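Let's take a walk through this structure together, one neighbourhood at a time. Keep the view open as you read, and turn it whenever a new part is named.

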Amino acid sequence: MNALTRRRFLTATGMIGAGVALSACGGGSESPGAEPAEGDGGASGYDGPNVELAFWNGFTGGDGPFMQELVDTFNSEHPNIAVTMTVSEWADYYQKVPTAVQSGNGPDVGIMHIDSLSTNAARNVIVPLDDVASALELEAGDFAEAVWTAGEFDGQRFGIPLDVHPLGYYYNKTVLESAGLDPENPPMDRTSYEAALEALASAGIQGHWMSPHPFTGGLTLQSLIWQFGGDLFNADGTEVTWAEDPGVQALTWMVDAVNNGWSAKDVGQDADAIALQNGQTAFNWNGIWHINTLKEVPDLQWGVAPLPNIGGTDAAWAGSHNFVIMRQRTPNEDKLAASRVFINWVSQQSIAWAEGGQVPARNSVRESAEFEALPEQAALAQQVDYLHFPPAVPGIGDVFADFNQALNEAVLLTKEPAAALSEAADRATKKLEENRERYDG
């Protein structure tokens, strides 16, 4: 996800078009291939005839070569399975996959973000993978609870988690030092964070640029709402709760940063990240993929840490890549078995994937010496027990357009936080009701 653009971020996290993209791919539980395959989920390998597997994903950034290397290694170790990886922008990927599956030309294996699983499962784009989880002996205790639970829909598992990619706290050490702050000890709570912003302002530096855009402002606001003890939705995803008091507190804190002079006004897309690199600001809350971006900036003195606790509760936004198997019009048992072998094998290579800028989903890999040797990723992995994902509700991504509109209106100072959030919640509630009819019908 190196140099993630706004378009790629929105589609990668299911925030636009989720319902529209899948609305034509209907069908109920009687559709071909609806039942999970029998067998050991790939644990014992594949000894059938030669097969070719199509593996689609959206790894067009710096993580792509790492996945390609894994595919090449797998092919060299499995002469009877030939995996071909096809990569496209996530925007195009989420548009193409449902149509391809419906026409009988879909890939065998794919990657989907965790907040897209329920929508694609409800539309019969992907098939259950409970057998793969059993073969890998995967249990809830092997993962952070949030990422494990989010891979389930309607009592079945549809995703095998590969990683988590959380929001992180990046700081420019040179800028901190110029304001008389300790560059090796960035502020980690609200009191010290606001004190640092005041010190930076006194030195003529706007210390934390608040983005009015989904990336990174939307991720920041989500994290803050959880930190203030609130949530975006109720537990089953049937009600919008972001307009309640914790949401108002969170968005008000962001708006106050603008009004107090701690942030620039009308921050452009990606301008907050660029300002950190250019020494114009001290702090930037950004995704874990930003690690590799900053490593490429010559002479930049920077650090990364878990998000500061502003609201009183440790919490952070995160996404997660999951392996999925696509539904086939005419299931091929050999391909299904080989697909499970491929997923099984790659899921055990998590440390190689971590080098591409991710946090491995498996607890055992995150706790290994090899992962600890990746200090930046390991720093953000400290958040794994308090990461948050949306409820597993089909079409949940559709309502984030309203959430992000509230963010935009408030941070640009065109509407008060409470009003912006309330009006957005009313619109989103109607969408949730429409989606229940659409996906349950």
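The paragraphs below go from strands to salt bridges and end at a patch of charge. One thing to know from the start is that this is a predicted model.

A good place to begin is the open sheet. Its 5 strands follow the order S2-S1-S3-S11-S6, and their pairing is mixed. At the edges stand strand S2 (81–87) and strand S6 (160–161); each has a single partner strand, so one side of each is left without a neighbour in the sheet. Strands of a sheet pair through backbone hydrogen bonds, and they can do so either parallel or antiparallel. To see one such pairing here, look at strand S1 (residues 51–57), which runs parallel to S2 and is joined to it by 7 bridges. If you would like a landmark, find Leu 53, which has Val 83 of S2 opposite it.

Next, move to strand S7 (residues 163–172). S7 is joined to S8 by 5 bridges, and the two run antiparallel. Here Gly 168 makes a handy marker, with Asn 286 in S8 standing opposite. Is strand S8 (residues 283–287) buried or exposed? Of its 5 residues, 5 are buried, so S8 is largely enclosed by the rest of the structure.

S7 also pairs with S10, again in the antiparallel sense, this time over 2 bridges. Pro 166 has Ala 318 as its bridge partner in S10. From there you can step on to strand S13 (residues 387–388), which pairs with S10 in the parallel sense over 2 bridges. In that pairing, His 388 of S13 is found opposite Trp 317.

S10 deserves a second look for its two sides. In a regular strand, side chains alternate between the two faces of the sheet. Strand S10 (residues 316–319) is covered on both faces: Ala 316 and Ala 318 are buried on one side, and Trp 317 and Gly 319 are buried on the other.

Now let's turn to charged side chains. How many salt bridges does the structure hold? There are 10 salt bridges. One of them links Glu 376 and Lys 295, with 3.5 Å from N to O. Glu 376 belongs to helix H18 (residues 375–381) and Lys 295 to helix H13 (residues 290–295), so this pair ties together parts that are 81 residues apart in sequence. With a relative accessible area of 48%, Lys 295 is partly exposed.

Another salt bridge joins Arg 157 to Glu 152, and their closest N and O atoms are 3.3 Å apart. Arg 157 counts as buried because its relative accessibility is 2%, while Glu 152, at 35%, counts as partly exposed.

Lys 415 and Glu 423 form a salt bridge too, with 2.8 Å between the closest N and O atoms. Lys 415 is partly exposed at 26% relative accessibility, and Glu 423 is partly exposed at 34%. Elsewhere, salt bridges link Asp 402, Arg 427 and Lys 431 in a network.

Our last stop is on the surface. Which residues form the negative surface patch made of Asp 236 and its companions? The patch consists of Asp 236, Glu 239, Glu 244 and Asp 245. To find Glu 239, look in the loop between helix H10 (214–227) and helix H11 (245–259). Glu 239 has a relative accessibility of 47%, so it counts as partly exposed.

How values were computed
Residues are numbered from 1 along each chain as its sequence is written. This is a predicted model: local features need pLDDT of at least 70, side-chain atom pairs count only at pLDDT 80 or more; totals for chains, interfaces and linings use all residues. Side-chain values use heavy atoms; hydrogens and water are left out. Buried means under 20% relative accessible area, exposed over 50%, partly exposed in between (1.4 Å probe, protein chains only). Helices (H or I, at least four residues) and strands (E, at least two) are DSSP runs, numbered from the N terminus. Two strands pair if DSSP finds at least two bridges between them. Patches are made of residues with over 30% relative accessible area and no salt bridge: like charges are joined within 9 Å, nonpolar side chains (Val, Leu, Ile, Met, Phe, Trp, Tyr) within 5 Å. Accessible areas come from the Shrake-Rupley method with a 1.4 Å probe; for residues, only the protein chains shown count as cover. A salt bridge is a side-chain nitrogen of Lys or Arg within 4 Å of a carboxyl oxygen of Asp or Glu. Lys and Arg count as positive and Asp and Glu as negative; His and the chain ends are not counted. The place of a charge is taken as NZ of Lys, CZ of Arg, CG of Asp or CD of Glu.
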